[in-house]
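Hi,

Here is the structure I said I would pass on. Have a look at it first, and then read my notes below.

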Amino acid sequence: MRDNPGNANIDPEPAQGALPRRSRRRFLLGGLLGSGALLVGWGMQAPRQRLHTSVPLPVEKGVVALNGWVALHPDGTVSVVVPRSEMGQGVHTALPMLVAEELDVPLAQVRIAPAPIDKIFGNLAVLRENLPFHPDERGNVKDGVQWMLSKVGRELGIMFTGGSTSVKDAWVPMREAGAVARAMLVKAAAEDWKAPVAYCRTEDGYVMHRDGRRASYPSLAARAAEVGAGIDASDVKLKEPRAFRLIGKPVPRRDTPGKVDGSARFGIDARPEGMLYAAVKMSPVIGGTVASFDAAAVKGMAGVSGVVDVSGALGEFSGAGAGVAVVARSWWQAKQAAAALPVTWNEGAHSKLSSEAIYQGFAEALDKESGYAYFESGTQDVRGVASTVSAEYRAPFLAHATMEPVNCTAQVANGKVRLWASTQVPSIAVDVAAKVAGVAREDVSIEVMLLGGGFGRRLEGDMVAQAVAVAMASNGKPVQLIWTREDDTTHDVYRPAALARFTAQLDAEGRILAWNNKSAGGAIGHQYFPRNLGLPGMGPDKTTAEGEYDMQYEIDNQRIAHVIVDSAVPLGYWRSVGHSHNAFFKEGFLDEVAHAAGQDGVRYRRALLARHPRHLAVLDAAVRAAGEAPSGRAHGVALHQSFGSIVAQVAEVSVEGTDIRVHRVVCAIDCGIVVNPNIVAQQMESAVVFGLSAALAGEITIQDGRVQQSNFGDYPVLRIDRTPVVETIIVPSAEPPEGVGEPGVPPVAPAVAAAVFALTGKRLRSLPLRLT
C-alpha cells in the first residue's frame, strides 16, 4: 500500500455562480508550476505549430501536399491525414469532415491518408485533461496548467486514440489545416487572375471569382504550394458555426461499406508475403514466470518451425505475463503445438491471490487511511443534522473482451522492423518495437490497421513486444502472433476493482448538509506509465476518483478521497475508465439519499442543479422523452458528466424472478457542437450495450492467483435478443466538441439499479447487478 501524498492546499478561483471550492493539487502541480524561471519562460512561449510535419508529407508523383494534413490529387480528390485509429467510433468520417468543412470540398472527394509518426499528430487533449480539475473550476491555475500540458503534449507527440479526445483534439488543428490550404489556393487563383483576394470565394473544390471565372483546386495546387508557403494558422479565420455546411450533418459512415463487403482490413487480416503464425502459452498465474520448457516435444509437430521464450524480451511490457511462443505455417498448427508444449512455471508470490483477499485489503485500507482528497469544500462538522445515510458499494475487475482477438504482425530483417497492428497508440508501438529489437526508432515502420474494438486494450504494447520478439527469431520472415480468446480473457489488463464508502448528513427537510465519499482500489497510471511510456507511476491518479470528485451536484460540504492499494492484478484503461464504476457508486448512493429524504430521485437531482442549466436541460430531455413506464416495468434515472459531456439516461426495466431485463434506454447528451449526429447516436447505442454487458454480467474473479473466466461462456456480452431499444436525444450546444465514445457507459448501471429498486425494494450495491 502506498503512503498518501501530501495534502497541501491550493485555492483556485471559484466558478462563476458556483460555491467556493478548495482542491488539493499541489502534489500534482508543483513540478509544473514550481520548477524555476527556465520552465516559466518556456511555458510563456506558444506551443509549437501543428501544421507541418518534421519532414515533408510523403506523396505520390503529381500529388501536392499543402501542409502536414492535406494533399491534392490531379483527379480532384483530397488526401487527409487521420492520425487517430478507427475502432468503430467513426473517426475516419468525423475527422475528414473537419478539413472538408474549412477547405470547402465535398466529403465524397476526400480520402484517408495514413499518418506518419510525427509529433504534430500527438494528442494534446488527452494529456491536458489528465489532471483532476473540477469541471466547474475556472481561473489562472487551471488555465496555466492546461496551457503547460498542451506544450508538454506537443513535445511528447504521443499518437494516442482514447479518452474520447479524437474530435476534441482535432477540432482546431484539422480545421486550421483545411483553412490554410484553402487560403493558399485562393491566393494562387487571385495572383493568376491579378485580382484582390477579397474578390474570390470557394465552393465544392473550386476557387470562384465574382465575375464568374473559376479554377479547380488541382489546377491551382502546384502554384498554391509555391505562393502560399508563408501562410500559417494565425493568418486564417475559422468558420463560425452558423456558416457550417457540413459539420452538424448526419453523414453516413465512410468505413461501413468495407465492413459490409469484407474489404476492410483489420490487424488480424495482415498478410505479408511468407508470413508465419505464432501462438503463445502464458503463465496461468498472475506474475508467474517460465521455469523450463521442452521445445523438442513439439518441434516435430506439423508445420512447427520454432519455439521462442518471449519473457525476457518483454521486460517492462510484461503486463500480459511471461510466456513461450510456438511458430508454425498456420495458426491452427501453432495453436495446437502451443497447447501441447510442456512448460513448468514458477508461480511466484501471487499464487494464493484471491478476489476475497483483494476486497479485504480495500476494506482495511479504508478503515486505516484517510486517503488523498481529490476534492474538498466546507467542512464535515456540520450542524442541524436530522439523519445520516451510509452505504458501501463495490465493483469487480473487468476484461475488455474486444471482438477482434489480440494480435500483431511483425517482421525483423536487415536491421529494420515492420509492424502491421491494430493499435490505439502507433507511436508507442513503434517505441516498443524499437526497444525490443534494439534498433533506432527511425528503423521501425508501422501500418495501422482497423481495430475490431479497442476500449483501451489496444493502448498497450504487450502484443507488439511479443510479436517482435518472435519475429527476431524467425530469420527475417513476418510473423503474425494471435492470442486465443482464453489468452485474452485470462491475460488482460483489467478495469480496476474498487470499494467505496459514502456518508450523507441530512437536515430535517432532507437536504444534504455534508457528503463524504472515500474509495479504495488500484491506480491504472501506476502501472500503465512505467509499462508503456517508461515514466514513473506515482502520486495520485485522477482515474481512481473521477466521477466522484468532479460530480455536478451543488453540495456545500464535500470530501471525496481515494486510497490507492497496489494491485498485483494487471490494470489498464477500460472504456470510460474510473467513471465506469464511480458513476454507479455516486448515482446509486444519491438515489438512496433521495429515498431517505422521502423525495423522487429526479426532483431531488433538479434541486441540486440550480446553477447547472446544461445538466438540467439534459436531465429534463431524457425524462421527458422517456414518458411513463408501462405496467409491470419501472424507470430508473441517472445523470453523469464525463469526458466533458453530460449524459442522462432513463432505463426501462422489468424483473421476473431474479432475471433483470432492460427493454429501453433513453439517452440524452450534451457533447458540445456535434460534428456528425449519426456518430453520436451510434456511440450512445454502443455505450449502452457495452455498459449493460458489464452491469448485468461482467466480472473477473481471481482464485489461487488465476483468472477464473476464460471465454464468452463465463464472461458474456449482451446478446442481440437482450439488447434494449436505445433512443438518443442530442441537446443543442454552442460549446466546443467534447467526448462521445465513452460518456454513454457510466449512467447505464445506476439507472438500471434504480429501476430494480423501484420494482423490488432491493438496493443493489455491487456490480454486476444480481437478484438472489
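Two strands count as paired if DSSP finds at least two bridges between them. Strand 16 and strand 17 (residues 444–448) meet that with five bridges, in the parallel sense. Bear in mind as you read that this is a predicted model.

Let me stay with that pair for a moment. Trp420 has Glu447 as its bridge partner in strand 17. To get from strand 16 to strand 17, the chain passes through helix 14 (residues 426–437), and this β-α-β crossover is right-handed. Strand 16 (residues 416–421) also has strand 15 (residues 407–413) as a partner, this time antiparallel, with five bridges joining them. On that side, Trp420 stands opposite Thr409. Strands 15 and 16 make a hairpin with two residues between them. Asn414, in the turn, has a positive phi of about 55 degrees.

Now zoom out. The protein has 23 helices and 27 strands. Its C-alpha atoms fill a box of roughly 80 × 75 × 60 Å along the principal axes. For 772 residues, a compact globule would have a radius of gyration near 28 Å, and the 27 Å found here agrees with that. Of those 772 residues, 59% count as buried. Among contacts with a separation of 6 or more, 78% are between residues 24 or more positions apart.

What sits inside? The largest nonpolar core has 71 residues, and Phe397, Leu419, Val464, Val468 and Ile702 have the most contacts within it. Setting aside neighbours within four places in sequence, Phe397 touches a long stretch of the chain's other parts, including Ile358, Tyr494, Pro496, Val569, Leu571 and Ile702. Another core, of 67 residues, lies apart from the largest one; Val653, Ala695, Ala753 and Ala755 are among its members.

Two of the residues named for the largest core, Val464 and Val468, are also among the buried residues of helix 15. That helix (residues 462–472) is mostly covered, with 10 of its 11 residues buried. Asp462 and Gln466 are on the buried list too, along with residues such as Met463 and Ala465.

Next, have a look further along the chain, at an open sheet of four strands in the order 22-23-24-27, with mixed pairing. Strand 22 (634–642) and strand 27 (725–730) are at the edges with a single partner strand each, so one side of each has no neighbour in the sheet. From one strand to the next, the twist averages 20 degrees. Strand 24 (residues 659–670) pairs with strand 27 in the parallel sense, over six bridges. One of the residues to click on there is Arg664, whose bridge partner in strand 27 is Val725. Helix 23 (residues 748–760) packs on this sheet and touches strand 22, strand 23 (645–656) and strand 24. The direction of helix 23 makes about 35 degrees with that of strand 23.

One last spot: is Leu124 buried or exposed? A residue counts as buried under 20% relative accessible area. Leu124 has 6%, so it is buried. Leu124 belongs to helix 4 (residues 124–128). Beyond its neighbours within four places in sequence, Leu124 is in contact with Arg50, Ser150, Gly153, Arg154 and Asp169. Leu124 and Thr165 are 41 residues apart in sequence, with their C-alpha atoms 8.9 Å apart in space.

Cheers

Note on methods: Residues are numbered from 1 along each chain as its sequence is written. This is a predicted model: local features need pLDDT of at least 70, side-chain atom pairs count only at pLDDT 80 or more; totals for chains, interfaces and linings use all residues. Side-chain values use heavy atoms; hydrogens and water are left out. Axes are lines fitted to C-alpha atoms, for helices over the stretch in contact, and angles run from 0 to 180 degrees between N-to-C directions. Contact means heavy atoms within 4.5 Å. A crossover is right-handed if, with the strands pointing away from the viewer, the path from the first strand over the helix to the second runs clockwise. A nonpolar core is a set of buried Ala, Val, Leu, Ile, Met, Phe, Trp, Tyr and Cys residues joined through side-chain atoms within 4.5 Å. Buried means under 20% relative accessible area, exposed over 50%, partly exposed in between (1.4 Å probe, protein chains only). The radius of gyration is taken over C-alpha atoms; the globule rule is 2.2 Å times the number of residues to the power 0.38.
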